[in-house]
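Welcome! Please take a moment to look over the sequence and the structure, and then we will walk through a few of the details together.

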There are 2 protein chains.
Amino acid sequence: MTHTRTRLERGRNALGPALELVHTGRAPTRAVLTTALGVTRATAGAVASELQTLGLITVDSRPGGATGSHGRPSHRLAIDPGGPVALAAQVHADGFRAALVGLGGHLHATTPACTTVAADPKEILGQVVAAGADLLRETGRHCVGAGLAVPSAVAEPEGTALNPLHLAWPAGAPVRDLFNDCLAEAGVDAPGYCGNDVNLAALAEHRHGAGQGAAHLLCVATGHRGVGGALVLDGRLHSGSAGLALEVGHLTVDPAGRPCHCGSRGCLDVETDPLALLEAAGRTPGPEGSLLDQTRELLRTEYATDPAVRGAAHAVIDRLGLGLAGLVNILNPDRIILGGLHRWLLEADPDRLRGLIEAGSLWGRSGTVPLAACTLDYNSLVGAAELAWQPVLDDPLAALPA
Amino acid sequence: MTHTRTRLERGRNALGPALELVHTGRAPTRAVLTTALGVTRATAGAVASELQTLGLITVDSRPGGATGSHGRPSHRLAIDPGGPVALAAQVHADGFRAALVGLGGHLHATTPACTTVAADPKEILGQVVAAGADLLRETGRHCVGAGLAVPSAVAEPEGTALNPLHLAWPAGAPVRDLFNDCLAEAGVDAPGYCGNDVNLAALAEHRHGAGQGAAHLLCVATGHRGVGGALVLDGRLHSGSAGLALEVGHLTVDPAGRPCHCGSRGCLDVETDPLALLEAAGRTPGPEGSLLDQTRELLRTEYATDPAVRGAAHAVIDRLGLGLAGLVNILNPDRIILGGLHRWLLEADPDRLRGLIEAGSLWGRSGTVPLAACTLDYNSLVGAAELAWQPVLDDPLAALPA
DNA sequence: CGCAGTTTGTTTATGGGAGACACAAAGCCA
DNA sequence: TGGCTTTGTGTCTCCCATAAACAAACTGCG
C-alpha cells in the first residue's frame, strides 16, 4: 500500500509531469504512466503514491473487470473526485457564469447563466465571484485558485483588458487586479488569473477535448460578437510576448466588404460572425436568444431547404476559409478546431471549408489539414480553471501546502 | 587547474545549457555562467572545465587587465578558436556558397560566391559540398555536421523542398537526402541538415545578431526574389508542424495589386520584393548585379534626391507595413528584424514603417514595437551551421565522441 | 486444478549530480 | 599593508532515480 518512508517525503521532480499526464487523460494506469514518463516502475510508483497522498489522484489496485491482456493488471489512475477545485468565471456580452472545475477538466458545479451586464467591470466581477464563492461554500471544497475568461485580449504582464469592445468596458481595465480584489472581498483565499476566452477555450480543448495530442493547435471561434483565435504550442498557450497574439479578427477576407470598427473593411471580425450570416441570409436579428443561437437554429432548420440560407452560409464559409488559409500559411498547425458559429458552418459543409483551406495554403496543397469542431461544453470556463491549476501542475508539492 | 577526478568524468546535465550560454555570448565569464545557470559555483566550475577538456571552450584564468570592479576577477570564457567547425552551405537564385562556421557563429573560412545555377539539385549540391570539403581539407578541422540553407520551405520530417520556385528545381526535391548523399560522396563523415534560408537567418540573428535576447522574434526578409518569414520562439525555430510555418509571402497587402503566381493578387511576395520597387520607381532591371544590389544602390544614391524613387519606396513601405501589422496581430513578437531590401527600406524611413505597424496592430497601439535591421553577414550560412551545431548544444558529451 | 508465461508492483542496494559549506585566491580601496 | 569583496576549489552530504531481484496477479492451456 504505502511506500517506504524515505520515498514519500521527497522532492518535486517528476510529480508535475505525472500529474499532467493524469490530468489530460494520457495516463489511465500506472503502467502507461511509467512508459510515458520514461522512468522505472519504482519511480512511477513512488510518484503515483505521492500524488495520492496529496489528495489529487486515486490509485485503484482492484480493477475487478477483465483486463483483456496478459499479465498482472495495472493500477488504475484517476483524478480524485473529492479533491480540490478551481473557481472558474466567465463574463461575456450577454452576462456571466461561474463554475467549480476539478482536475481533468471535470465540472463539479455551475451557476445558472446570468444575464446581468454592466459597464463597470468591478460590478460584474463582484457578482460572478460572489456566485463562485457561494458554490465553494455549498460544496465545502478546497480552492486552489481562480481563473477568469473575458472576451478581450489580456495584456501580460499587466493583466489589463485591451479591447473589451463587446462588454462596453473601458479599454485597459485592470481585470486581473479587479478580479483579485473581488476574490479577497468574497473571502476566497486563492490567486486569480485572467485570460482571453478563446485562448482559454483552446487550452481546454487541447487538454481535454478535440485538441488532444495536437502539437500545434489552432483554434478559431466566434461567440456572441467578433472572432477570436488561439494557438497552443507544445502544450502551452502561445499568447505572444505581451499576451496579444492571435488577434485574428482583423485579417482581411473581403477587400470590398463591410466596414469594420478597426477602420479597415472586410475583416474576419465582421464578415464571419453571427450577425454577418444573418444579414447575408436576409434575416433581421430576432429579439430573443443570442445571435449565436439564432444562427445555429437557422442552419439547423433551413440550411437544407432555403437556398438563400445556403448561399449565405457558403459566402461566410468562403471568407472564413480565406482567413484560415492565411493562418495556416503562417502557423502551419497540425490541427485546427472551430468553435461557435464557425463550428456550425464546418458541420454544415465540411468539404467546402476544407477545400478552401487546402487550395489556399502551401501546406494544404501537400496534405490534409486536420479540421475539427470544438467538443467541450463550457470550454472557456474549463480553460479559465486551467490557469488556476497550472501552478499545481508545474509543482504539486510547492503549490499545495498540505 | 584541473578538478578532482570524480567531477570530470560525469554526466550530461548542465553541459548543454552552459555551452549554449557561451555560444550565444551570454556567459563571458564563469561568474555570470554560474548565475545564468542558477547553480553553485562548484557546479559551474566543473561544467566549464568539462567543456574545456572537450575542446569546445577556453577558460582563461589570467585576465591581465583591470576588471573594473571589486573582488577576485572571474575566469574568462570563450569559444575555443581551434575547436571543431560545422560545414555551412547555401544555394540561392544566383549561385551558391560554402563556409566553415565554429561555435559562437564565427566564420572560419568561406568560399568565394559562385554563380553557377542548375535545374538539377544534385549537381549544385555536389558542387557546394565539394567546395566545403575543400575548406575542411585545407584547414584540417574536425567537422561536427553540415547545414544547408535553401530558398524554399523545407517539409519536415521528409526534408523535401516544397516550393523552390527561384531555383527552378522540381517541387518536392528531397534536398536533405541529396545533401547527405553529396556529403558522403565528398568524404565528409557528418550528418547533414536542411532548412529554409530566412528561417536559418532568423536563427542566426537570434543567437548572434540583432535578435539576441528576444523571446519571440519575427524576421521578414526579401533576398533575390520573393519574401520569407521566420519566427524564433524561446530560442527555438518555430517551423510549424510540418516545417511550413511563416510562409508569409502570400499575405494580401494590396487587393488591387499585381497578380501573383499563387493565383491571388497583391501578395507580399510580389509587392515588396526588389522587382516591385524597381518597377514602382519606373526603372528597368539592369543587366549586372542582383536585383537586391540594384535596389540598394537606388535607395542609397537617389532616395534623397529623386521624388519618384522616394514615392516608390514609400509605396512599398506602406505595403510592407500592412503585412507586418497583420503578422504582429497574429504573433505578437517582442522584436521584428528585417533583412534584404526590407532592411534598406527600414533604414530609409524607419518612422514611416514603424508608424504603419503601430497604427495597424492592437499591440502597436498600446506600445512600441521593436523594429531592427538584420546585422549579421552571411546570416543564412551561420544559421545553417546552427542546425549542425544543435546536437552538440543539446548534449555535448553524446555528440562528441572524444 | 495447477503450471508456464507475461506483465506489473515492491523492495533493496547503488550511484550520479548538484547543493551547502568552509576555505583559499585575487583583485579593489583606504 | 590590511580590510572588503568577489570568485574559484575541495569536501561532505543529500536527494532522486536506476538497476536488479523478487513478489503478485492475471491469461491460457493441458
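## Two helices that pack

In this predicted model, helix H2 (residues 15-23) of chain A packs with helix H3 (residues 30-37) of chain A at an angle of about 125°, and their axes are 10 Å apart. Angles from 65 to 115 degrees count as roughly perpendicular and those over 145 as roughly antiparallel, so H2(A) and H3(A) are oblique to each other. The crossing of H2(A) and H3(A) is right-handed.

## The second largest pocket

Now let us turn to a pocket. The second largest pocket has a volume of about 450 Å³. Its lining is made of 18 residues, and the closest to its centre are Glu156(A), Cys194(A), Leu237(A), Ser239(A) and Leu387(A). Which elements give two or more residues to this lining? They are strand E9 (192-196), helix H7 (197-208), strand E12 (236-237) and helix H15 (379-394), which belong to chain A.

Sorted by class, the lining of this pocket has seven nonpolar, six polar and five charged residues. Domain 2 (85-199 + 379-399) and domain 3 (213-373) of chain A each give at least three residues to the lining.

## Some backbone details

Most peptide bonds are trans, and most residues other than glycine have a negative phi. Against that background, here are two cis peptide bonds to look up in the model:

| Cis peptide bond | Omega | Place of the proline |
|---|---|---|
| Glu156(A) to Pro157(A) | about 5° | loop between strand E7 (154-155) and strand E8 (160-161) of chain A |
| Glu156(B) to Pro157(B) | near 5° | loop between strand E7 (154-155) and strand E8 (160-161) of chain B |

Glu156(A) may ring a bell: this residue is also among those closest to the centre of the second largest pocket.

Is the phi of Asn332(A) positive or negative? Asn332(A) is a residue other than glycine, and its phi has a positive value, near 45°. You can find Asn332(A) in the loop between helix H11 (307-331) and strand E13 (335-340) of chain A.

Conventions. Residues numbered from 1 in each chain as written. Chains lettered and ligands numbered in written order. Predicted model: local features only at pLDDT ≥ 70, side-chain atom pairs only at ≥ 80, totals over all residues. Heavy atoms only, no water. 1 Å grid on protein atoms, 1.4 Å probe; cavity = no way out; pocket = protein on both sides within 12 Å on 5 of 7 lines; lining within 4 Å. Points joined across faces, edges and corners; volume = space filled by probe spheres on them. Helix = DSSP H or I, 4+ residues; strand = E, 2+ residues; numbered from the N terminus. Nonpolar A, V, L, I, M, F, W, Y, C, P; charged D, E, K, R; others polar. Domains from an automatic or database assignment. Axes fitted to C-alpha atoms, helices over the stretch in contact; angles between N-to-C directions. Parallel < 35°, antiparallel > 145°, perpendicular 65-115°, else oblique. Left-handed = near helix turned anticlockwise from the far one by under 90°.
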